[in-house]
Amino acid sequence: MKKKLKIAVRDLVAYVLRSGDLAFEFSSAARPLDAIRIHRKIQQSRPPSYQSEIPVSHQIETELLTLIIGGRIDGIYPDSDPVLIEEIKTSSLSLDHHKRNENPVHWGQVKCYAYIFANSHGLDKVDTCLTYYQVDSNETIRFHKHHTAEELCVFFDDLVSRYIEWAETIVKWHTLRDHAIRDIEFPFAAYRRGQREMAVNVYRAIKDERQLLIQAATGIGKTMAAVFPAVKAIAEGICSKIFYLTARTTGRIATEKALDHLRRDKLKLKSLTITAKDKICFNPDAACNPEECEFARGHFDRINAAVKDIFRRDAFTRVAVEEVATAYRICPFEFSLELSLWADVIICDYNYAFDPRVFLRRFFLEEDGDYTFLVDEAHNLVDRSREMFSAEIFKQPILDVRRAIHRKLPQIYKSLGEINAWMVRARKKCEEFGAERHENVPPEDLIPLLRAFLITTENWLSRNIKTPFREALLDLYFQIAGFVRVAEQFDDSYATCFAQHKTDLKVKLFCIDPSIQLNTALKRCKAAVFFSATMTPMAYFQKILGCDADAATLELASPFPTENLRLLISDGISTLYRQRELTKHQIAGTIRTLVEQKKGNYLVFFPSYAYMQMVYDSYRPNVAESELICQTPFMTENERLDFLALFKQDNPRSLVGFAVMGGIFGEGIDLVGERLSGAIIVGVGLPGVSLERDLIRDYFSETINAGYEFAYQYPGINRVLQAAGRVIRSEHDRGVVLLIDRRYATGRYRSLLLRQWTTVTVRHNRQLVEELADFWGQRAEGKEQKA
């Protein structure tokens, strides 16, 4: 049975006809959405008989494959003689530019559509029309050409013949890949407890095209349990591409390692790791044009050769992409986007699937792609998605840019002056009502001022004039463009927040409920699997992540011996804000008591830096036998690594690290074995009280009567569970976790602790000593028996 290979007309034409330099037309972050609206506007202006968005498809048969070429025709004039096929393009370039420069890719696209339509309708001639819409002037220009069916056939056959060699390479690869996938078995001698159940449920969700939420404890092997069945689904034809979405470097590394492990067992699979443009760019100080960047110059002349070169490898890692891009002198980021078309697994950040500004449009402009989303550490997607769907602008950068362009760009200077005047008036309101306030409506009178700025600034930026202030103006442009885009989405799930800091003012369009837009984004795939060690309660995540009502859920307990963890609760101490000064010495004493029972390394977690510092100052004077370290705000990567490096197995005395829940040490770190003996968690992890958190509380109180839970309690308890999860990282680890807070005595919080936990309540330090002596003593007895 011959393999089928699908390709869009636009991708076919781009692959064969592209050449020359990589030169970006200047466009705003909102431009792709504008283009869709402009297309609809033009289509609606056409005569009643005009047909828009007409799907077409054509098959080419060779000995090896069936090539299916398809797409959507923007518009057809069926009453014209001959029939007229229209392709619509939006552009920020002048209409004169399009008069002087014919774009072979644009004409190739419309000619392909004309051939496919003529062939399927038995027409002997067809006319084509390329319509350009200039986004700043709102003017259009149309170019017409006449074709015979024979001319179009010659053009189309030549185009396909130049692509067939690569298409056959892809099909041969798919055949080799699918055979290898069918032959591989699970790469380990045995499944860990819970791992097989997770893998089976992942496969079933992909096969049934459903959503699945999994809470799986550390040690189950979540990455392999998610990746292995998803890879198997590719060979079954259930999905064509896997998007492994992760917010952390650790998640990316774990996925790359899992795929490499499978490759050692003879798996054949192409995987791509997409690295952010600002991190992988070879020439970050230059603009993306041939005049300033050598990697943009002639990029398209060499891109196909580079793709064929790297295709001899299976893992398109950052190192591999950079290596080949350097050899062929092409842009590494654009190279990685090109490779995404041919990769079976794409490892990337959440934003490439969910963020309206940067999601991969080549895959997700249309819904219901046969893709699978594997969302790692899915608890992090809640706050990340709020950030993606929100936008903010500040007064000070507007003033700074305005001063920089004074006397140089008078129109933009004037426009920024009007915006600054609005911000001054808004700041005065904050002074009257307090440093922070909000409104439940968008700033209607600000948006026209911002739009005027965007139009005026685009005209200048599109000319690519290099000046000392260009980058600052460009940054401001994109920030304001993003703000306007979000303003267009503003509804009851948004609020406008104002925050004054000295003379500056922040205006933020805050997305209170990300579930609405996440639900829309999830239509870009056929199946989505969300997994994390902490997704408690499951109903909260199902709602806030925008999952369907029939989404499946699965909870898997730790595969490690339960006796290796001693979970203690000190529920007689209050950590409420108003009582912290009174109980700080008691908390410090409890920490000291726990640490003194066994030499080792300990982490103490707090809900905030201020609270951490308060207890740290109380603890520090009486710790001659221990070494203390303390997390600080805005630690660099090297400072973070230095902090973790102190947690050694053979430290001569105890090490106590003070850290903040939900921060860089609260999750995503592995201190295996003797590197961590225990964790003390002070409080129930509640996020700090803020305007945004209160807006979340009020919104969900009104909509589902669960405001406090969604705003504070559930996010807090997941921070607690993440911190506790630092202790047991392998089957040989032993350690203690101590939860300190009076609220753990209530069912409201006890019910949220992990079901597999066996907890012991300690009412005073003497009881704490007894429990720890029993726990650590068991270990000593075990060692003696082995001896």
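This passage describes the confidence, sheets, aromatic contacts and unusual backbone geometry of a predicted model.

The structure is a predicted model in which local features need pLDDT of at least 70 and side-chain atom pairs count only at pLDDT 80 or more, whereas totals for chains, interfaces and linings use all residues. Residues are numbered from 1 along each chain as its sequence is written, and side-chain values use heavy atoms, with hydrogens and water left out. The mean pLDDT (the predictor's confidence in each residue, from 0 to 100) of the protein is 93, and 97% of its residues reach 70 or more. Over residues 780–787, however, the pLDDT is below 50, and in the model this stretch has zero contacts (heavy atoms within 4.5 Å) beyond near neighbours in sequence.

Helices (H or I, at least four residues) and strands (E, at least two) are taken as DSSP runs and numbered from the N terminus, and two strands pair if DSSP finds at least two bridges between them. On this basis, seven strands form an open sheet with parallel pairing, in the order β21-β22-β20-β23-β24-β19-β25. Its edges are formed by β21 (626–630) and β25 (759–761), each of which pairs on one side only. From one strand to the next, the twist averages 20°, where axes are lines fitted to C-alpha atoms, for helices over the stretch in contact, and angles run from 0 to 180 degrees between N-to-C directions. Within this arrangement, strand β20 (residues 601–606) runs parallel to strand β23 (residues 678–682) and is joined to it by four bridges, with L603 standing opposite A679 in β23. Helix α22 (residues 580–596) packs on the sheet and touches β20, β21, β22 (654–660), β23 and β24 (735–740), its direction making about 170° with that of β24. Helix α23 (residues 609–619) likewise packs on the sheet, touching β20, β21, β22 and β23, and its direction makes about 155° with that of β22.

A further set of paired strands centres on β16. Seven of the eight residues of strand β16 (residues 504–511) are buried, so this strand is largely enclosed by the rest of the structure; buried here means under 20% relative accessible area, exposed over 50%, and partly exposed in between (1.4 Å probe, protein chains only). Strand β13 (residues 391–394) runs antiparallel to β16 and is joined to it by four bridges, A391 having L509 as its bridge partner in β16. Strand β15 (residues 494–501), also antiparallel to β16, is joined to it by eight bridges, and the partner of Y494 in β16 is C511. Two residues separate β15 from β16 in the hairpin that they form, and K502 in its turn has a positive phi of about 55°.

The structure holds 41 aromatic pairs, a pair being rings of Phe, Tyr and Trp (its six-membered ring) whose centres lie within 6.5 Å, with planes under 30 degrees apart counted as stacked, over 60 as edge-to-face and the rest as tilted. In one of these, Y15 and Y163 meet edge-to-face, 5.4 Å centre to centre and with 85° between the planes. Because Y15 lies in helix α1 (residues 9–17) and Y163 in helix α5 (residues 149–183), the pair ties together parts that are 148 residues apart in sequence. Y15 and Y163 are both buried, and they belong to one aromatic cluster with W166, W173, F311, F316 and W342. Two rings also lie beneath a charge, defined as NZ of Lys or CZ of Arg within 6 Å of the ring centre and within 35 degrees of the ring normal: the charged end of K270 sits over the ring of W173, 4.1 Å from its centre, and K111 lies over the face of F155, at 4.1 Å from the ring centre.

Most residues other than glycine have a negative phi, and most peptide bonds are trans. The peptide bond from D81 to P82 is nevertheless cis, with omega near 0°, and P82 is placed in the loop between β3 (65–77) and β4 (84–91). A cis peptide bond also joins T536 and P537, with omega about -10°, and P537 is placed in the loop between β17 (527–532) and α21 (538–544). E53, in strand β2 (residues 51–61), has a positive phi of about 50° although it is not a glycine, and at 32% relative accessibility E53 counts as partly exposed. K266, in the loop between α8 (249–264) and β9 (271–273), has a positive phi of about 80° and, at 62% relative accessibility, counts as exposed.
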